[in-house]
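Please look through the structure below before reading on. The points that follow take up one sheet, the packing of nonpolar residues and the enclosed spaces.

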Amino acid sequence: MRTADLNLGESQEVELATGQKAVVKLLDLKETRDEIRGAVRVAEVTVEVNGKTVRLVSGNYRLPVTVAGVQIDCSVTRGFRERTSTGNVWGLEKDARVRLWPEGSPLMNASTFRYPAKQRWFASGTQMANEPVHVDGGEVPGNRPIYYHYGLDIGGAEGLVEVVAATDGEVVSSGMDAIPDFKATPVSPRYDVVYLRDARGWYYRYSHLHTIDPAIKRGAKVKMGQKVGLLGKEGGSGGWSHLHFDITARQPSGKWGIVEGYAFLWEAYIAEHKPKLLAAARPHQLAKVGDKVTLDAGRSWAAEPGKKTFEWTFTDGKTATGERVERTYGKPGVYSEVLKFTDSAGRVDYDFAVVNVLDTDTPDKLPPSIHAAYAPTTGIKPGDNVTFLVRTFRTVEGKEVWDFGDGSPQVEVRSDGNAVMLAKDGYARTVHRYDKAGHYLVRVERSNGRGETAVARLHVRVGTE
């Protein structure tokens with residue numbers, strides 16, 4: 001990978017790992033902001049590469065594209081460092097950052113990087129780079145500084161998902177025990193956080209850990225795939241259980257800055273698990289009541305060429321087909337719309353588009369949000385116990401209601417509504433068994449006293465991978 005930070009109109013000659021040269025020029029930058037918060041939702045750059053023009057969308061679950069003999073992406077633009085609560089974590093001093101690889105090469109050497117959570121891809125809620133945080137109800141109109149997520153939040157079941165080292169490396173910080181010179185590095189010790197440093201000099205943060213493995217001690221040498229700890233919701237998690245994973249390295253500005261890692265996770269997961277297709281209906285959407293919302297399945301991926309189909313089932317029971325569909329919503333709430341993605345061989349995967357709908361006439365009365373997870377997420381056989389966890393945010397009224405998608409009776413539970421963010425029993429837990437193999441679409445919801453509902457969905461595979 002080679003990185004170039006560019007201002008509008010600026011060009012640079014970049015030498016790739018193969019020795020070939022690529023000339024890249026930033027021609028245009030367009031940042032689209034929403035009307036509710038003024039947050040950047042889409043950042044598009046037009047780049048000329050070796051005389052060929054290409055349009056790139058920055059971050060938000062995007063992968064590199066191939067043009068003029070190179071692979072290229074745009075990880076961040078200037079808007080994501082403005083009006084943000086996190087400051088310039090990217091170390092970006094110019095208008096945009098692009099990254100280049102030789103055409104056909106891996107994005108990361110497969111022997112040096114792996115997926116850091118032992119669970120299925122998109123098994124639960126996510127917040128990836130350049131996506132404003134939302135799972136715990138963080139999309140609040142009154143919050144003028146915007147927390148654009150700059151790492152990779154991988155949602156999962158608290159205390160039930162093993163977190164492993166993405167690379168070989170040295171432990172430079174384990175909890176509050178850090179190397180003596182950590183202040184000269186990107187390391188910021190915290191009781192729930194581990195930092196590893198690899199042979200590249202890159203720093204990897206594993207945050208919100210439920211527990212840290214006893215072998216992960218300051219100065220220890222760690223092997224790729226070695227257990228780091230268990231996924232949790234400790235520290236500054238907002239109360240929802242997830243692994244915050246980020247990478248920091250020196251950037252072209254000379255400053256420490258984030259290395260956008262979504263494409264690395266995607267590539268590592270495919271190499272390890274060898275799926276044939278992955279549905280993607282993310283990132284989430286923020287809208288006012290009555291707004292037109294476009295749901296986009298274009299980030300879905302299939303290993304084999306041929307015709308792909310996209311089928312949508314909405315919370316109100318209506319359906320639609322197509323890679324992009326439009327919807328409007330008449331009531332505040334958090335909706336979870338079902339995408340069914342089918343490849344040319346008839347294989348199926350599902351994902352869910354989260355739509356956070358607000359009534360901006362009553363900005364102090366926000367609908368609830370919700371997070372659901374399950375474990376295990378792979379290797380489930382008929383009759384196995386599956387643990388389901390759920391926590392609702394922004395309401396302590398009502399109960400969560402589970403529909404496990406197999407025709408069994410609904411189950412009611414009650415989480416604490418995030419009343420105490422780090423409460424050990426904050427999530428409501430239930431166990432379910434499936435009698436037959438198949439794909440199951442699970443739904444859980446909770447309503448507040450005004451009848452506004454938050455819905456979460458999960459895709460559970462039983463007896464099939």
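1. β11 pairs with strand β18 (residues 227–230) in the antiparallel sense over three bridges, where strands are DSSP runs (E, at least two residues) numbered from the N terminus and a pair needs at least two DSSP bridges. Within this pairing, Val164 stands opposite Lys227 in β18. The open sheet runs in the order β11-β18-β16, with antiparallel pairing; β11 (162–164) and β16 (211–212) each have a single partner strand and stand at the edges, so one side of each lacks a neighbour in the sheet.

2. The model is predicted, so local features need pLDDT of at least 70 and side-chain atom pairs pLDDT 80 or more, while totals for chains, interfaces and linings use all residues. Residues are numbered from 1 along each chain as its sequence is written, and side-chain values use heavy atoms, without hydrogens and water.

3. The largest nonpolar core (buried Ala, Val, Leu, Ile, Met, Phe, Trp, Tyr and Cys joined through side-chain atoms within 4.5 Å; buried is under 20% relative accessible area with a 1.4 Å probe, protein chains only) has 51 residues, and Trp121 and Phe245 are among those with the most contacts inside it. The largest share, eight residues, comes from α1, a helix (H or I, at least four residues).

4. Two cavities of 30 Å³ or more are found, a cavity being a set of points on a 1 Å grid over the protein atoms alone where a 1.4 Å probe fits but cannot get out, with lining residues having an atom within 4 Å of a point. The largest holds about 370 Å³, a volume being the space filled by probe spheres set on the points, which are joined across faces, edges and corners. β36 gives the most to its lining, with five residues.

Terms used:
Buried < 20%, exposed > 50% of the residue type's maximum accessible area, 1.4 Å probe, protein only. 1 Å grid on protein atoms, 1.4 Å probe; cavity = no way out; pocket = protein on both sides within 12 Å on 5 of 7 lines; lining within 4 Å.
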